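Thanks for coming, everyone. I'll put the structure up, then walk through one chain and the contacts.

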Amino acid sequence: MRNARLLVPAIVLISLAVCWELAVLAMAVPKWILPAPSAIWQAFWATRALMGVHVGQTMLEVAIGIGVALMTGVAVAAILDYSPMLRRAVYPLLVISQTVPILALAPLLIIWFGFGIAPKVIVVTLFCFFPIAINTSDGLTSTEPEMIDLFRSMGATRPQIWLKVRLPAAAPYFFSGLKIAATYSVAGAVVGEWVGAKQGLGIFLLRSSAAFKTAQVFSTIVIISLLSILLFLTVFAIERGTMPWYFEERSGGH
Amino acid sequence: MTLLAVDFLSKSFGGSPRRGPHGQVDALVDLTFKVEAGEFLTIIGPSGCGKSTLLRLLAGLVQPDSGQIYLQGRPLPNASDRQGRFGYMPQRDTLLPWRTVLDNVILGVELAGGSRYAAREEARRLLPLFGLDGFENNWPSTLSGGMRQRAALLRTFLAGYDILLLDEPFGALDALTRRMLQQWLLGVRRRFSKTILFITHDVDEALLLGDRMLVFSPRPGRITADLKIDLPHPRDENTILEPDFLTLKRNALAHLKL
């Protein structure tokens with residue numbers, strides 16, 4: 001069953017690629033407008049060493065960015081949970097802050113932080129912080145009051161209630177936030193590099209398109225997508241490992 | 001011996017010093033009763049009559065407006081005095097979904113700082129009695145409703161309190177499962193020397209399980225009847241058909257004005 005679930009979309013994907021290949025051949029589309037999948041593969045293979053360097057740079061920015069977003073996001077969620085007044089004051093601002101286009105902030109960050117790795121990391125952090133903070137915050141408020149009542153009736157202390165009820169109850173929310181963050185993060189790094197960088201997939205993309213190496217543009221886009229999928233799957237695997245009960249529940253069990 | 005005494009306990013909700021008594025709902029008014037050690041007391045009354053509020057007051061989850069609660073003659077005026085002294089079981093089973101059955105049932109001992117290992121050993125010993133043998137490593141979500149309630153009851157039993165406060169433990173179960181669990185509880189109860197306050201809205205259940213029954217009036221809750229249930233033990237599924245039982249039931253229904 002699991003294989004069949006993957007098999008059908010795989011067949012659709014392969015058929016689409018074959019149609020694309022044939023259409024480009026039949027209509028003799030110039031390579032710089034729309035390269036065939038085979039040409040994209042060739043472009044990737046020819047630049048694989050260089051691509052590796054750029055992937056390394058981008059993933060470094062992603063890793064630091066997600067790390068910073070994780071720490072600040074969870075910390076902000078915990079602070080908002082601790083003080084209801086602060087929550088009322090800050091939560092709406094957090095939501096409103098999401099209407100600011102991060103894309104437009106990137107040039108500003110270059111002005112403030114230069115052309116090093118800092119502005120890219122900040123862009124990734126900006127992309128990732130919000131889903132982590134908001135989801136964790138919602139998760140912390142989602143604890144069933146009856147569970148907290150049970151703990152209080154058993155004479156549980158505040159730290160015990162935190163550790164043994166509220167944090168585990170928030171975990172599924174935290175992970176859905178982290179999955180969104182992981183998916184956005186690579187695109188965030190690419191945007192950051194776009195504005196100015198020496199290395200990274202964003203600048204490689206820009207240079208390729210400026211040189212009308214369209215096949216190389218496509219191969220870079222595919223790599224960016226694959227990296228995003230890889231990050232998503234990594235988070236998903238960690239989620240399954242830390243919350244086996246959650247997935248047992250989904251599959252129905254008994 | 002009187003184990004628990006409730007003296008002129010009153011509680012209302014909704015009113016505030018700022019808004020005044022307007023919109024205030026009296027949940028309980030001047031509630032007074034005593035419970036003997038080892039007694040199984042069932043409490044019955046219409047929805048919203050404050051039965052659950054009584055248990056929450058005892059468990060230290062809410063503070064009364066007036067009145068006093070005595071345990072073995074000692075008053076417990078503050079909520080914190082009462083927390084950790086009663087085995088409270090909320091209406092919903094509230095098993096922690098991220099813990100296995102075994103780790104759920106030892107929660108009380110764990111929170112009190114006791115040995116988890118010893119608690120697990122004792123839990124394993126009691127699992128068969130609670131019909132959970134072989135399920136100790138299951139997630140709660142994989143259990144049936146009846147098993148979840150038995151697991152929650154085992155958690156309450158294992159926490160080691162003398163007095164159990166059970167808030168409609170079988171209320172959410174289907175009629176057949178409920179019958180089975182009633183018979184099971186009758187059997188289990190004789191093996192433990194626990195004092196039990198058991199809330200229900202089912203007259204048959206209240207009379208079958210209890211040694212004594214309190215009937216509550218509609219809101220605000222007051223005790224309208226305090227009935228001794230002197231049916232012989234052991235009781236079983238045929239008890240509810242006997243003439244003595246039916247006489248008691250007629251009396252109880254009259255007090256409930258149903």
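**Chain B, its domains, and the contact with chain A**

Let's start with chain B: nine helices and 10 strands. Keep in mind that this is a predicted model.

Overall dimensions next. Along its principal axes, the C-alpha trace of chain B spans about 55 × 50 × 35 Å. A compact globule of 258 residues would have a radius of gyration near 18 Å; chain B comes out at 19 Å, so the two agree. Of those 258 residues, 39% count as buried. Now contacts within chain B. Take those with a separation of 6 or more: 70% of them join residues 24 or more positions apart.

On to domains. The assignment for chain B gives two entries. Domain 1 covers 1-14 + 26-86 + 162-258, and domain 2 covers 95-160. Their centres, taken over C-alpha atoms, are 24 Å apart. How many residues does each domain of chain B bring to the contact? Domain 1 brings 10 residues, domain 2 seven. On the domain 1 side, helix H7 of chain B, residues 175-189, gives the largest share, with four residues. By class, that side of domain 1 has nine nonpolar residues, one polar and no charged.

Last, the contact between the chains. Chain A and chain B put in 19 residues each. Which elements of chain A give two or more residues to that side? Helix H7 (145-153), helix H8 (158-194) and helix H11 (244-251) of chain A. H7(A) provides the largest share, seven residues. By class, the chain A side divides into eight nonpolar, five polar and six charged residues.

That's my tour. Over to you.

Note on methods
Residues numbered from 1 in each chain as written. Chains lettered and ligands numbered in written order. Predicted model: local features only at pLDDT ≥ 70, side-chain atom pairs only at ≥ 80, totals over all residues. Contact = placed C-beta atoms within 7 Å. Nonpolar A, V, L, I, M, F, W, Y, C, P; charged D, E, K, R; others polar. Domains from an automatic or database assignment. Rg over C-alpha atoms; globule rule 2.2 N^0.38 Å. Buried ≥ 20, exposed ≤ 12 C-beta atoms within 10 Å, placed from the backbone.
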